[in-house]
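Reader: Hello! I would like a close look at one part of this structure, followed slowly from residue to residue. Could you take me through the strand you think rewards attention and show me what surrounds it?

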Amino acid sequence: MAMDAPQKTAAKLVGVVVVMGALAWASVPFYDWFCRVTGFGGVTGVALTDSDTVLEETITVRFDGSKERDMPWEFKPVVREMEIKIGETGLAFYEAYNPTDRPIAGQASYNVTPYSAGAFFEKIACFCFEEQVLEPGERVQMPVTFFVDPEIVDDRDGKFVHTITLSYTFYEIDLPEGYAALESGENTGAVTNMN
């Protein structure tokens, strides 16, 4: 049985909506992958080990810390900048403090400027790879281990970069399941063991 014109149009429109929805759903992970591979938008790389090559040329790395507007923590870099050799492994610390009377979970997003340096800034270990939970009144120093890939000196744009800024922004997230259950039990006065 053949479709008439309105049915064909409706079927085409449904097909377009399905395809557009699939493309929208796939665009976020694809864009994230693209940024990580190319360093586009200041996204850094992730390295498993230190660089094999250390050059005599140095580069200045600046550190910046901020918070989402409603995040109650205090958050800042311990040292504002350091000069390291290109390829040398650097270690920097950020400090976070929870001044409230409740545990708070946070997650950091990050970027590097100038954006052209993102593909050459390699993080080996970083607190931003996982969520952080600070107890009431807890103060911690969180490390980030990194190096600047020596290939930056041969890159058309990268070779003109003399200062890189690594920025983190912390935002509040839901407490992990175990913490949420503890909070719920404390707030209701629930007794977990009746023996």
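Author: Happy to; what follows is a walk along strand 10 and its partners, then out to the other sheet, the core and the salt bridges. Please keep in mind that this is a predicted model.

Let us begin with the sheet that holds strand 10. Five strands make up this open sheet, in the order 4-2-10-6-8, with mixed pairing. Its edges are strand 4 and strand 8, the latter spanning 132-134, and each of these pairs on one side only. On average, neighbouring strands of the sheet are turned by 30° against each other, direction ignored. In the order of the sheet, strand 10 sits between strand 2 and strand 6.

How do those two partners run relative to strand 10: parallel or antiparallel? Strand 6 and strand 10 run antiparallel and are joined by nine bridges. On the other side, strand 2 and strand 10 run parallel, with eight bridges between them. That is where the mixed pairing of the sheet shows itself.

Individual residues make this easier to see on your screen. Along the strand 6 side, A108 stands opposite F170 of strand 10, and Y110 has Y168 of strand 10 as its bridge partner. Along the strand 2 side, S66 stands opposite T169 of strand 10.

Y168 also leads us inward. The largest nonpolar core has 34 residues, and Y168 is named with F127 and I164 as having the most contacts inside it. Strand 10, which covers 163-173, supplies at least two residues of this core. So do strand 2 (58-67), strand 4 (81-85) and strand 6 (104-113) from the sheet we have just crossed. Strand 5 (90-97), strand 7 (121-126) and strand 9 (139-148) also supply at least two residues each. As general background, nonpolar side chains tend to be buried together in soluble globular proteins.

Those last three strands bring us to the second sheet. It is also open and built from five strands, here in the order 1-7-9-5-3, again with mixed pairing. Strand 1 (45-46) and strand 3 (74-77) are the edge strands, each pairing on one side only. Inside this sheet, strand 5 and strand 9 pair in the antiparallel sense over eight bridges. One of the facing pairs there is E95 with Q141 of strand 9.

E95 takes part in another contact as well. R139 forms a salt bridge with E95, and the closest N and O atoms are 3.1 Å apart. The two residues come from distant parts of the chain, R139 in strand 9 and E95 in strand 5, 44 residues apart. Their surroundings are unlike in one respect: E95 is buried, because its relative accessible area is 16%, which falls under the 20% limit. R139, at 47%, is partly exposed.

Now back to strand 10, which has a salt bridge of its own. E172 pairs with R102, with the closest N and O atoms 3.2 Å apart. E172 lies in strand 10 and R102 in the loop between strand 5 and strand 6, so this pair ties together parts that are 70 residues apart in sequence. E172 is partly exposed at 31% relative accessibility, and R102 is likewise partly exposed at 34%.

The structure holds five salt bridges, and among them is one that reaches edge strand 4. There E56 pairs with K85, the closest N and O atoms being 3.7 Å apart. E56 belongs to the loop between strand 1 and strand 2, while K85 belongs to strand 4, and 29 residues separate them. E56 counts as exposed at 63% relative accessibility, whereas K85 is partly exposed at 31%.

Two details may help you when you check the covalent picture. The structure holds zero disulfides, although C126 counts as buried at 10% relative accessibility and C128 is buried at 6%. The other detail concerns strand 6, the antiparallel neighbour of strand 10. The peptide bond from T113 to P114 is cis, with omega near 0°. P114 lies in the loop between strand 6 and strand 7. By way of background, most peptide bonds are trans.

Taken together, strand 10 pairs with strand 6 in the antiparallel sense, pairs with strand 2 in the parallel sense, contributes to the largest nonpolar core and carries E172 of the salt bridge with R102.

Technical notes. Residues numbered from 1 in each chain as written. Predicted model: local features only at pLDDT ≥ 70, side-chain atom pairs only at ≥ 80, totals over all residues. Heavy atoms only, no water. Core = buried A, V, L, I, M, F, W, Y, C linked by side-chain atoms within 4.5 Å. Buried < 20%, exposed > 50% of the residue type's maximum accessible area, 1.4 Å probe, protein only. Helix = DSSP H or I, 4+ residues; strand = E, 2+ residues; numbered from the N terminus. Pairing = 2+ DSSP bridges. Axes fitted to C-alpha atoms, helices over the stretch in contact; angles between N-to-C directions. Disulfide = S-S within 2.5 Å. Salt bridge = Lys/Arg side-chain N within 4 Å of Asp/Glu carboxyl O.
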